[in-house]
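Let's walk through this structure together, starting from one residue and working outward to the whole chain. Keep the viewer open as you read.

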Amino acid sequence: METLQVLNSKFSNTLSDKPLTTFCDEFFRCPTVCVTCREQCKLSVSHSGSHLPSTSYCRYQRAHNNVVYICNKCYLDGVRTEVVSRCYEERESCLSGFVKHLWSGYVIECEKCGVVYRSRQYWYGNNPPQLESVRTEIVHIWPGMNLNRKTLDGFS
């Protein structure tokens with residue numbers, strides 16, 4: 001009887017909610033971690049394609065510029081379409097686009113909807129694009145991934 005009481009008092013503590021790391025996780029899970037939030041990829045070691053984080057949330061870091069703009073109209077229709085900021089519209093020539101850029105500023109263009117935002121559409125009182133045209137989404141940055149390329153493509 002005394003033995004049961006000792007065992008009962010020893011194991012009567014509450015269980016912790018912290019999950020235990022298993023042997024399989026350490027050896028069979030992809031070792032790649034997000035550069036900004038240090039979240040590990042949850043896929044297997046030799047997976048192909050892009051990485052998948054354990055959680056969907058990431059931290060914004062200005063040094064990595066890990067924000068992507070999504071077309072708001074497409075998003076409301078159920079399609080996730082990334083938009084590109086450019087000096088001029090894709091269908092314009094370089095010279096006319098440059099002149100138009102001097103007059104009306106940069107444009108944000110969606111591949112499905114076309115131009116969704118002009119920075120100087122009106123003489124004054126222009127709202128920032130995040131209020132009307134685009135949604136911001138903070139994304140994970142995996143090693144070797146370069147988001148700055150999208151910004152540079154808009155100015156080439």
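## Starting from S119

If we set aside its neighbours within four places in sequence, S119 is in contact with S104, G105, Y106 and N126. One of these residues, Y106, also takes part in a polar contact: its backbone nitrogen lies 2.9 Å from the side chain of S119. Keep in mind that you are looking at a predicted model, and that the distances here are computed from it.

Where does S119 sit along the chain? You will find S119 in the loop between β4 and α5, the latter spanning residues 129-132. Is S119 buried or exposed? Its relative accessible area is 14%, and buried means under 20%, so S119 counts as buried.

From that loop we can step back to β4 and the sheet it belongs to. Three strands form an open sheet in the order β2-β3-β4, and their pairing is antiparallel. Why is one side of β2 and of β4 left without a neighbour in the sheet? Both β2 (84-86) and β4 (114-118) stand at the edges and have a single partner strand each, so one side of each has no neighbouring strand there. Going from one strand to the next, the twist averages 35 degrees.

Now take a look at the pairing of β2 with β3, which covers residues 107-110. These two strands run antiparallel and are joined by three bridges. If you would like a residue pair to pick out in the viewer, try S85, whose bridge partner in β3 is I108.

For a contrast with the buried S119, turn to Y57. This residue is found in the loop between α2 (23-28) and β1 (67-71). Y57 has a relative accessibility of 70%, and the cut-off for exposed is over 50%, so Y57 counts as exposed. Which distance separates Y57 from H140 in space? Although their positions lie 83 residues apart in sequence numbering, their C-alpha atoms are 8.1 Å apart.

Finally, let's zoom out to the protein chain as a whole. Its secondary structure comes to six helices and five strands, and from the N terminus on the elements run α-α-β-α-β-α-β-β-α-β-α. The chain has 156 residues, of which 24% count as buried. Among contacts between residues at least 6 apart in sequence, 46% join residues at least 24 apart. As for the surface, the accessible area comes to about 11900 Å², and carbon and sulfur atoms account for 56% of it.

Conventions:
Residues numbered from 1 in each chain as written. Predicted model: local features only at pLDDT ≥ 70, side-chain atom pairs only at ≥ 80, totals over all residues. Heavy atoms only, no water. Pairing = 2+ DSSP bridges. Helix = DSSP H or I, 4+ residues; strand = E, 2+ residues; numbered from the N terminus. Axes fitted to C-alpha atoms, helices over the stretch in contact; angles between N-to-C directions. Buried < 20%, exposed > 50% of the residue type's maximum accessible area, 1.4 Å probe, protein only. Polar contact = N/O pair within 3.5 Å; in protein donor to acceptor, adjacent residues only side chain to side chain. Contact = heavy atoms within 4.5 Å. Areas by Shrake-Rupley, 256 points an atom, 1.4 Å probe, with all protein chains shown as cover.
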